[in-house]
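Here's a casual tour of a protein model, written for someone who'd rather be at the bench. Have a look at the fold first, then read on.

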Amino acid sequence: MMWDDEGTGRGRDMGLEPGKTVVGFIGIGVMGKSMAGHIRRAGYELHVYTRTAAKAQELIELGAVWQESPAHLAEICDVIITMIGYPKDVEEVYLGTEGLIKHAKKGAYLIDMTTSSPLLAARIHEAAAAKGLHALDAPVSGGDIGARDARLSIMCGGAEDDFAAVLPILELMGANVVLQGKPGAGQHTKMCNQIAIAAGMIGVCEALAYARTAGLDPAQVLKSIESGAAGSWSLSNLGPRMIAGDFEPGFYVKHFIKDMGIALEAAKEMKLETPGLALAESLYRELAALGYEEKGTQVLYKRWFQD
């Protein structure tokens, strides 16, 4: 990686290119494994950390190096990407005593792709800047399929120069990468995404439940309605899973509840009413109480049919 005159490591002259840039990835879950894999296959030196080393085995076989802690990873990487669970995890990984901001190389780029709090994203950016680091919030949408096919929608918040520097890496994981504004703007945009999905999932489930109750073949109904005005990503991608009884996670119920909670809290702070979001959140909490929090969000269909 080429350093500028101030030693800040912005890499403007050479860019964050494969073979010259060391990338770290923290969080090898349903989506993170695919996302990290695209980076490694593009030729970047990749270091990974996950609490369970076995989850990284597939990436290790591709040539990635497993590190024993986020701090160890931070000390050797030019770009660090996180895709972890909850805001409390993000706060610990970035701002904790053994966190990234304390241990990252000066000039490193820190990209949090977790869906987290907009306020926390702004705090991380401020703390990073004080240490000569460049932080962006860049949550994603597209689920396991989008991650696998490198077609995620990536919503970014941060400085324009920092966004431009890391864009080539983000484009390895997403087909629609947009800078939305200042730090926290990416997280606010993701809340818009989750709000739209939340109410939409109720509509998808009710439509398919109606079809089945009316004696129709839900799969045939789907062929007619998914290409019309009712069409949506959830209808086309999760509708077939509902019909097939496939409720394995592309995106976990427990994480969707977390996201809706963040959105409800942010909306309350802005004095914005979101009754559709509140209803969806209550329905998913019912499912979690029934033991479905580790299933995919399409399991909402079980509220109508348990078979």
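Let's get one term out of the way: a residue is called buried when its relative accessible area is under 20%, exposed when that area is over 50%, and partly exposed in between, using a 1.4 Å probe and protein chains only. By that yardstick Glu58, at 42% relative accessibility, is partly exposed.

Some housekeeping. What you're looking at is a predicted model, where local features need pLDDT of at least 70 and side-chain atom pairs count only at pLDDT 80 or more, while totals for chains, interfaces and linings use all residues. Numbering runs from 1 along each chain as its sequence is written, and side-chain values use heavy atoms, with hydrogens and water left out.

**The overall build**

The protein has 14 helices and nine strands; these are DSSP runs numbered from the N terminus, with helices being H or I of at least four residues and strands E of at least two. Its radius of gyration is 20 Å, close to the 19 Å that the globule rule gives for 307 residues, so the protein is as compact as a globular protein of that length. (That radius is taken over C-alpha atoms, and the rule is 2.2 Å times the number of residues to the power 0.38.) Along the principal axes, the C-alpha atoms fill a box of roughly 70 × 45 × 35 Å.

Half-hidden is a fair way to put it: 50% of the 307 residues count as buried. About 13,900 Å² is exposed, and carbon and sulfur atoms supply 53% of that, with areas coming from the Shrake-Rupley method and a 1.4 Å probe; for residues, only the protein chains shown count as cover. Next come contacts, meaning heavy atoms within 4.5 Å. Among contacts with a separation of 6 or more, 67% join residues 24 or more positions apart.

**Salt bridges**

How many salt bridges does a search of the whole structure find? The count is 13, where a salt bridge is a side-chain nitrogen of Lys or Arg within 4 Å of a carboxyl oxygen of Asp or Glu. Three of them are listed here.

| Pair | Closest N and O atoms |
|---|---|
| Lys33 and Glu58 | 3.4 Å |
| Arg241 and Asp144 | 3.4 Å |
| Glu281 and Arg285 | 2.5 Å |

Take Lys33 and Glu58, which form a salt bridge. Lys33 sits in helix α1 and Glu58 in helix α2 (residues 57-61), so this pair ties together parts that are 25 residues apart in sequence. Lys33 is partly exposed at 32%. Elsewhere in α1 (residues 32-41), the buried residues are Gly32, Met35, Ala36, Gly37, His38 and Ile39. After α1 comes Gly43, with a positive phi near 105°.

Now for the bridge between Arg241 and Asp144. Arg241 belongs to helix α12 (residues 239-244) and Asp144 to helix α7 (residues 143-148), so the bridge links parts that are 97 residues apart in sequence. Arg241 is buried, with a relative accessible area of 14%.

The bridge between Glu281 and Arg285 stays within one helix: the two residues are four apart in α14 (residues 275-289), separated by about one helical turn. Why does that spacing suit a pair of side chains pointing the same way? An α-helix has 3.6 residues a turn, so residues three or four places apart point the same way. Glu281 is buried at 13%, whereas Arg285 is partly exposed at 46%. Salt bridges that share partners also join Arg51, Lys88 and Asp89 into one network.

**A buried alanine and some loop residues**

Ala121 is in helix α6 (residues 118-130) and is buried, with a relative accessible area of 13%. Beyond its neighbours within four places in sequence, Ala121 is in contact with Asp137, Gly184 and Gln187. Its C-alpha atom is 9.6 Å from that of Ala138, which is 17 residues away along the chain.

Ala150, in the loop between α7 and β8 (152-157), has a positive phi near 55° without being a glycine. Lys271 is another non-glycine with a positive phi, about 60°; it lies in the loop between α13 (253-269) and α14.

Lys271 is exposed, at 77% relative accessibility. Thr274 is found in the loop between α13 and α14 and is buried at 17%. Not counting residues up to four places away in sequence, Thr274 touches Leu264 and Ala267.
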